[in-house]
Amino acid sequence: MIVLDRCAVSTVDSSGTEHASGHVVVDGSRIVSVGSGPAPKPDAEHTYVDASSCLVTPGLINTHHHLYQWATRGLATDATLFEWLTALYPVWRGLDDEVTHAAASAGLAKLALTGCTLAADHHYVFPSGGGDVFDALVSAGRRVGIRLEAIRGSMDRGESQGGLPPDNLVEETEAALIATEQAIRDHHSTADDALVRVAVGPCSPFSVSKELMTGAAELARRNGVRLHTHLAETLDEEEQCQAENGCTPTEYAEQLGWLGPDVWLAHTVHLNGDAVKRLGATSTGSAHCPTSNGRLGTGIAPVRDLLDAGAPVGLGVDGSASNEDGGLVVELRSALYQARQRGGPAAMTAREALWMGTMGGARVLGRADSLGSIEPGKVADLAVWDLSGLDHAGIADPVAALVLGTPPPLKLLIVGGEVVVRDGVLLTAPTDDLARELSAASRKLQEAAR
Ligand SMILES: [Zn+2]
């Protein structure tokens with residue numbers, strides 16, 4: 001049992017309940033009590049945490065990432081998306097299980113240290129001879145100890161088929177589908193507190209054939225898992241889709257059976273009014289990745305419009321090759337700034353940004369019943385932010401401290417009742433070891449690309 005006492009609490013429940021000084025009690029893997037004032041004295045043996053000067057929020061949820069890219073940061077820093085991809089594909093050709101495990105472990109460590117308790121990772125690069133990179137990703141999740149929505153991605157449309165990736169980096173359509181189904185069998189859990197779930201994720205319309213898009217949707221629905229892809233990230237993509245299919249990327253997705261409550265789409269930057277309505281009407285989720293969109297200059301997603309249309313929207317870090325920071329908490333501020341740059345000061349509140357980073361993400365990943373808010377009975381995934389230091393002491397509003405201020409250190413990060421971070425230190429894996437492994441992995445990839 002863990003008793004967090006004397007803390008500010010932002011529950012992010014459906015009423016937005018907050019406590020200026022309250023408590024949260026965890027028993028086993030579940031939240032058993034949350035409220036104002038001092039914690040009730042538990043009968044059972046427990047760990048008492050005086051969390052005064054702390055803000056407790058639900059653990060943050062990252063709805064889009066490519067953890068392998070943590071080993072390929074700092075390349076093509078001034079390129080458009082298509083130029084950036086074309087520069088990086090040859091480097092990614094050298095990816096194997098060892099590099100993937102090192103990069104994913106380091107990337108997940110950074111996420112844990114920035115408040116993340118559940119990360120969706122979209123892995124779509126499976127070079128021949130690279131070993132079992134998907135298994136390497138899942139084992140990194142278990143090593144670091146945060147939840148993983150492991151998305152078995154795929155690409156089957158190389159340059160010779162009019163796609164963007166080189167032919168030697170794509171899979172055969174049927175082989176990709178068989179491997180995806182195997183990944184579900186090997187790793188997917190349906191438990192409401194599952195540490196690992198698997199989703200199906202052909203990479204993007206410009207790197208995937210129509211057959212793979214429709215086959216993947218059919219496979220995901222047959223297996224009861226979720227569907228993910230990149231969509232409407234750039235104007236280049238929009239132009240290519242219009243030229244090839246005579247429609248917008250959203251219309252293309254709808255034609256292929258790719259809108260629905262079991263689907264979430266990364267970016268959704270370039271949407272017209274009809275597309276926003278369709279995503280809302282079909283409860284199709286969006287993974288909003290403001291920093292990555294800024295790094296690649298792709299545009300500002302119409303997040304206010306999507307929220308008003310009733311579409312689930314969560315936040316995403318995106319791959320660290322297009323977001324070298326790799327942390328999650330800063331995305332709260334980036335999302336708020338981008339919404340206000342697009343729609344003025346009323347376009348988003350600090351609390352809406354926190355909602356997107358928690359409950360919004362839980363909705364996007366289909367886990368709102370058990371994750372995303374602090375309520376009795378829910379799984380105890382909690383971030384305890386320390387606001388006692390120079391950066392935040394005395395600030396009037398703890399949620400403003402979190403969203404608008406310097407990213408605060410974590411007093412605790414709790415995943416299913418287990419403490420993963422204490423006083424800013426990752427307990428599950430020494431970060432010095434992770435950094436050493438990461439350096440070796442990055443060197444290996446860059447040498448292989450020469
Ligand atoms: Zn991405």
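In this predicted model, Thr268 is buried, because its relative accessibility of 1% falls under the 20% cut-off. Thr268 sits in the loop that links β11 (263–267) to α8 (273–281). Its backbone deserves a second look: although Thr268 is not a glycine, its phi is positive, at about 40 degrees. Most residues other than glycine have a negative phi. A second residue of this kind is Ser283, with a positive phi of about 55 degrees although it is not a glycine either. Ser283 belongs to the loop between α8 and β12 (285–288). With a relative accessibility of 29%, Ser283 counts as partly exposed, because this value lies between the cut-offs of 20% and 50%.

The zinc ion comes next. Its protein donors are three histidines and an aspartate, namely His64, His66 and His230, each through NE2, and Asp318 through OD. These donors lie 2.1 to 2.4 Å from the zinc ion. Along the chain, the donor residues follow the spacing H-x1-H-x163-H-x87-D. A single residue therefore stands between the first two histidines of the pattern, while 163 residues stand between the second histidine and the third. The angles among the 4 donor atoms run from 89 to 176 degrees, and the site is irregular. Why is the site not counted as tetrahedral? The angles reach 176 degrees, whereas a tetrahedral site needs all angles between 85 and 135 degrees, so the site falls outside that class. For comparison, the ideal angle for four tetrahedral donors is 109.5 degrees. Two of the donor residues can also be placed by their accessibility: His64 is buried, with a relative accessible area of 0%, and His66 is buried as well, at 2%.

Strand β1, which covers residues 2–10, can be followed through two of its residues, Ile2 and Ser10. Ile2 has a relative accessibility of 10% and so counts as buried. Leaving aside neighbours within four places in sequence, Ile2 is in contact with Val24, Val25, Val26, Thr47 and Val49, and also with Ile414, Gly417 and Val419. Glu159, by contrast, is found 157 residues along the chain from Ile2, and the C-alpha atoms of the two are separated by 55 Å. Ser10 is buried too, with a relative accessible area of 3%. Apart from residues up to four places away in sequence, Ser10 touches Thr17, Glu18, Leu55, Val56, Thr57 and Pro58, together with Leu354, Ile374 and Val399.

Another serine, Ser33, lies in strand β3 (residues 30–36). At 17% relative accessibility, Ser33 counts as buried, because the value is under 20%. Its contacts beyond four places in sequence are His23, Val24, Val25 and Pro40. Val24 and Val25 are thus named among the contacts of both Ser33 and Ile2. How far apart in space are the C-alpha atoms of Ser33 and Pro376? They are 5.4 Å apart, although 343 residues separate the two in sequence.

The helices complete the picture. Two packed helices are described by the angle between their axes and the distance between the axes. Helix α2 (residues 97–113) meets helix α14 (residues 431–449) with axes that come within 8 Å and cross at roughly 135 degrees. This angle makes α2 oblique to α14, and the crossing is left-handed. Among the residues of α2 that take part are Val99, Ala102, Ala106 and Leu113, which face partners in α14 including Leu434, Leu438, Ala441 and Leu445.

Helix α2 also packs against helix α3 (residues 133–144), again with axes within 8 Å, crossing at roughly 35 degrees. Here the crossing is right-handed. The α2 residues in this contact include His101, Ala104 and Leu108, and those of α3 include Val133, Leu137 and Val144. Ser105 and Ala109 of α2 appear in the contact with α14 and in the contact with α3.

A further pair is formed by helix α11 (residues 330–343) and helix α12 (residues 350–364), whose axes come within 9 Å and cross at roughly 125 degrees. α11 and α12 are therefore oblique to each other, and their crossing is right-handed. Leu332, Ala335, Leu336 and Arg340 of α11 make the contact with Ala350, Ala353, Leu354, Met356 and Gly357 of α12. Leu354 links this region to strand β1, as it is also one of the residues touched by Ser10.

Methods
Residues numbered from 1 in each chain as written. Predicted model: local features only at pLDDT ≥ 70, side-chain atom pairs only at ≥ 80, totals over all residues. Heavy atoms only, no water. Donors = N, O, S within 2.8 Å, 3.2 Å for Na, K, Ca; no water. Tetrahedral: all angles 85-135°; square planar, octahedral: opposite > 155°, others 65-115°. Buried < 20%, exposed > 50% of the residue type's maximum accessible area, 1.4 Å probe, protein only. Axes fitted to C-alpha atoms, helices over the stretch in contact; angles between N-to-C directions. Helix = DSSP H or I, 4+ residues; strand = E, 2+ residues; numbered from the N terminus. Parallel < 35°, antiparallel > 145°, perpendicular 65-115°, else oblique. Left-handed = near helix turned anticlockwise from the far one by under 90°. Contact = heavy atoms within 4.5 Å.
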